[in-house]
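Biologist: Could you take me through one part of this model up close, strand by strand? I would like to know what pairs with what, and what surrounds it.

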Amino acid sequence: MRTRAIVAGGVVLVLFAVIGVLLVVRRLGSDLRLPLAGRSCTVQADGRVVLDADQMANAATIAAIGAQLGMPERGVVVALATAYQESGLRNLPNGDRDSIGLFQQRPSQGWGKPTQISDPRYAAKRFYGALKKVRGWEGMRITDAAQRVQRSAFPEAYQKWADESAVLSRALLGDATRAVACSVGRTPVMRGAAAAAALTRSLELDWGVVGSAAPAELTGLTLAATGQRDGWRYAHWLVSHAQDHGVKRVRFEDLEWTARDGKWVEVSGGSDGGARVVAEVFAEG
């Protein structure tokens with residue numbers, strides 16, 4: 001009987017330990033730095049970051065909105081570090097109290113209506129607008145600048161994402177070549193004309209630019225690139241949004257990314273000597 005009691009007690013302790021580990025993982029999931037199953041995008045720009053498709057798309061939109069608003073790169077780093085800490089770069093439907101979205105902004109604190117805050121573009125614009133009002137934020141540590149906007153109970157928490165955010169910022173603002181590589185699923189969310197239209201609309205919203213009709217043999221669009229930096233901004237954004245917009249192929253300069261291979265390779269006759277970025281979406285059927 002005593003042996004059975006000891007065994008039963010051990011089983012109970014093991015169960016408590018397992019439950020405790022699960023609760024910790026659930027509570028700190030956005031803080032874990034180890035790659036999780038299902039992540040499919042790798043960013044390499046003087047450092048390496050691994051994200052899943054949703055996180056990558058959100059990060060690309062945050063960076064694009066910052067560029068559209070004329071924010072310096074440090075401002076984009078602050079925004080990315082904040083979203084990393086607050087939501088794990090996920091557009092969460094809820095959070096602590098009435099917090100919502102990428103930055104866990106609260107309607108009750110004047111950040112906007114729930115439907116507005118749930119829009120990543122609106123949320124990013126509101127964050128950048130608040131950051132601009134912080135006097136001297138450009139010279140602050142990342143965590144101090146973020147804290148002045150967020151008023152978090154854990155003011156030092158943003159700093160631990162500074163390195164990852166700097167890597168993402170360098171890539172998404174075009175300061176690195178073929179830095180974003182995503183492997184996407186075989187079943188795209190959308191195809192054909194609908195995908196091309198959605199891609200064009202999202203580019204306009206994120207970057208304030210409109211693509212022109214793609215070559216006849218492609219279903220997609222082209223973007224004029226005024227220089228290498230602009231070209232890689234758009235190219236990396238397109239790859240970042242490949243999963244949710246059905247992007248099959250992206251070409252810039254003499255390099256090409258494809259959904260099939262999930263990486264950049266050299267090609268001949270890439271994009272008119274770097275004058276344009278070409279995107280192809282999956283065809284109907």
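Modeller: Happily! Let's start with a pair of residues in this predicted model: Val 250 stands opposite Trp 257 in β7. That pairing belongs to a set of four bridges that join β6 to β7, with the two strands running antiparallel. The link between β6 and β7 is a hairpin with two residues between the strands, and Glu 253 in the turn takes a positive phi of about 50°.

Now look at β7 itself, which spans residues 255–258. In a regular strand, side chains alternate between the two faces of the sheet. Here both faces are covered: Leu 255 and Trp 257 are buried on one side, and Glu 256 and Thr 258 are buried on the other.

On from β7 comes strand β8, residues 264–266, joined to β7 by three bridges in the antiparallel sense. Within that pairing, Leu 255 has Glu 266 in β8 as its bridge partner. β7 and β8 also form a hairpin, this one with five residues between the strands, and Gly 262 in the turn has a positive phi of about 70°.

Going back to β6, residues 247–252, you will find that this strand also pairs with β9, antiparallel and over five bridges. Arg 249 is a good place to see it, since this residue stands opposite Glu 280 in β9. Strand β9, residues 276–281, is mostly covered, with five of its six residues buried. Another partner of β9 is β5, residues 220–224, again antiparallel and joined by five bridges. There, Gly 220 stands opposite Glu 280. Glu 280 therefore serves as a handy landmark: Gly 220 stands opposite this residue, and so does Arg 249.

As for the surroundings, the second largest pocket draws on some residues you have just met. Its lining includes Lys 248, Arg 249 and Thr 258, together with Ser 183, Val 184, Gly 185, Arg 186, Ala 259, Arg 260 and Phe 282. The volume of this pocket is about 180 Å³. If you sort the lining by class, there are four charged, three polar and three nonpolar residues.

For a contrast in secondary structure, try helix α7. Nine of its eleven residues are buried, so the helix is largely enclosed by the rest of the structure. Ser 169 lies in this helix, which covers residues 162–172, and counts as buried because its relative accessibility is 0%. Leaving aside residues up to four places away in sequence, Ser 169 touches Glu 73, Val 76, Val 77 and Leu 80. Just after α7, Gly 174 has a positive phi of about 85°. Ala 171, one of the buried residues of α7, is 127 residues from Gln 44 in sequence, yet their C-alpha atoms are 7.4 Å apart. Gln 44 sits in strand β1, residues 41–44, and is partly exposed, with a relative accessible area of 48%.

To place all this in the whole chain: there are ten helices and nine strands, and 47% of the 285 residues are buried. The mean pLDDT is 86, with 82% of residues at 70 or more. Do take care with residues 1–39, where pLDDT stays under 50. Where pLDDT is low, the predicted coordinates should not be read in detail.

Conventions: Residues numbered from 1 in each chain as written. Predicted model: local features only at pLDDT ≥ 70, side-chain atom pairs only at ≥ 80, totals over all residues. Heavy atoms only, no water. pLDDT = per-residue confidence, 0-100. Contact = heavy atoms within 4.5 Å. Buried < 20%, exposed > 50% of the residue type's maximum accessible area, 1.4 Å probe, protein only. Pairing = 2+ DSSP bridges. 1 Å grid on protein atoms, 1.4 Å probe; cavity = no way out; pocket = protein on both sides within 12 Å on 5 of 7 lines; lining within 4 Å. Points joined across faces, edges and corners; volume = space filled by probe spheres on them. Nonpolar A, V, L, I, M, F, W, Y, C, P; charged D, E, K, R; others polar.
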